[in-house]
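The following exercises train the reading of a protein model. Please inspect the sequence and the structure before turning to the solutions.

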Amino acid sequence: MVFYYLKKCQKTFWHKTIIFTLILSFFVNIAFAESFRVHKTIMLPATNSEEKNFVKAGPNDAIVISLPEDMTFVQGIEIMFKVPQEVAYWMDSVAWSLYDEIKPEPTEKKIDYKGTRKTIGTFGNSLSLVLKIPMTKENTIKKDAYSTYIDAIPDFLHNKIFLRMQMVMKGTPSSLSDAEFEVSAKPIYINKGKLSITVRPPDNINSALYNVFIDETPISKLQDIMITPGIHTVHVTSDSFRNENKTITIEQAKNHTLDIKLRDITPLIRIAAPNNSKIQIDDKIIDYKGSDSIPVPQGMHTIRISVGGYEIVKTVNAMNGHSYAINTNLDATITEEE
């Protein structure tokens, strides 16, 4: 009981001392470069893969988070620490610091660095810590009671974030320096996907005039459109071509492409008839394959379909921009006579 009381007093004393020291150190070094040595440098890629990717780091190591090559959708980085029990017991015994302007470029073989401390904090007495580091001031990163939002934006030199851990409390057992943190990192994405639209005129036409709408909103550019995730409708209108409607599902932080080929406004007629049928449109015999659409001028047309000794005659008032289907159905009915 006496030992517990003394230990508690010792922790309380050192806790107050170290907090004062950290605050003083922070303000002294916040605008000035400092030289320091770490036990080792650990490289950690920020990944959003389903498999958990983490590294183990000690209280005096540096963790260098490699940012994704494509930063189009990245608005921040989330760093997650699983804190060893002995570190949590010795409250505020280990601190973390975020640095800018690190020299030389960090590698696993380097331990001596020079840089400017951006911000500092401790792990307290919790068994976990989540840091949310923004890449830009214009971000939508959610702030909550379960994570620490860093107001300072790092320079992410060499496409990396440099995080230093260090023992900051005296009187702790030597075994504390052998404690191991589990650290992982992942990007924080904006709630957008990217869409690029290609509109192609018919093969025999070099250029085309058209308007493009996304969810009934006209758009002026077709490439690299940032759009919220979900189902969207792309509508292409033209006086010279058929209107086109396409539906596309946009996923967060992903690139999407949509290829739209414009079709001639000339009316089309598709005929479904038995094999060996003789087909005429306006008294002109058509060499019809049975699946292709037949282009016709706008106006009234007479279609004759002859099969054996039977003939079917239909008329169609073909309008520009419309397609028509004619289906023949020749059948025989058998009944028993008295």
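**Exercise 1.** In which order do the five strands of the open sheet that includes S3 lie, and what is the sense of their pairing?

*Solution.* The model is predicted: local features need pLDDT of at least 70, side-chain atom pairs count only at pLDDT 80 or more, and totals for chains, interfaces and linings use all residues. Residues are numbered from 1 along each chain as its sequence is written, and side-chain values use heavy atoms, with hydrogens and water left out.

Step 1. Strands (E, at least two residues) and helices (H or I, at least four) are DSSP runs numbered from the N terminus. Two strands pair if DSSP finds at least two bridges between them.

Step 2. The order is S3-S11-S5-S8-S9, and the pairing is mixed. S3 and S9 (148–149) are the edge strands, each pairing on one side only.

Step 3. Within this sheet, S5 (residues 74–82) and S11 (residues 181–189) run antiparallel and are joined by eight bridges. Phe 81 stands opposite Val 183 in S11.

**Exercise 2.** Determine how strand S4 is covered and which strands pair with S4.

*Solution.* Step 1. A residue is buried under 20% relative accessible area, exposed over 50%, and partly exposed in between (1.4 Å probe, protein chains only). In S4 (residues 62–66), four of the five residues are buried.

Step 2. Strands of a sheet pair through backbone hydrogen bonds, either parallel or antiparallel. S4 pairs with S2 (residues 41–45) in the parallel sense over five bridges; here Ile 42 has Ile 63 in S4 as its bridge partner.

Step 3. With S10 (residues 160–167), S4 pairs in the antiparallel sense, over five bridges. Ala 62 has Arg 164 in S10 as its bridge partner.

**Exercise 3.** Describe the surroundings of Asp 61.

*Solution.* Step 1. Asp 61 lies in the loop between S3 (54–57) and S4.

Step 2. For charges, Lys and Arg count as positive, Asp and Glu as negative, while His and the chain ends are not counted. A salt bridge needs a side-chain nitrogen of Lys or Arg within 4 Å of a carboxyl oxygen of Asp or Glu. Asp 61 is buried but has no salt bridge, and the nearest side chain of opposite charge, that of Lys 40, is 4.3 Å away.

Step 3. A polar contact is a pair of N or O atoms within 3.5 Å; within protein, one must be able to donate a hydrogen and the other to accept it, and residues adjacent in sequence count only if both atoms are side-chain atoms. The side chains of Asp 61 and His 39 form such a contact at 3.4 Å. The Asp 61 side chain also reaches the backbone nitrogen of Lys 40 at 3.4 Å.

Step 4. With contact taken as heavy atoms within 4.5 Å, and residues up to four places away in sequence not counted, Asp 61 touches several residues, including Val 38, Leu 163 and Met 165.

**Exercise 4.** Locate Asn 327 and state whether this residue is buried or exposed.

*Solution.* Step 1. Asn 327 belongs to S25 (residues 323–327).

Step 2. Three strands form an open sheet of mixed pairing in the order S22-S19-S25. Its edge strands are S22 (294–295) and S25, each of which pairs on one side only.

Step 3. S19 (residues 268–272) and S25 run parallel, joined by five bridges; Ile 271 has Ile 326 in S25 as its bridge partner.

Step 4. Asn 327 has a relative accessible area of 57% and is therefore exposed. Asn 327 and Ala 272 are 55 residues apart in sequence, but 4.7 Å apart in space, C-alpha to C-alpha.
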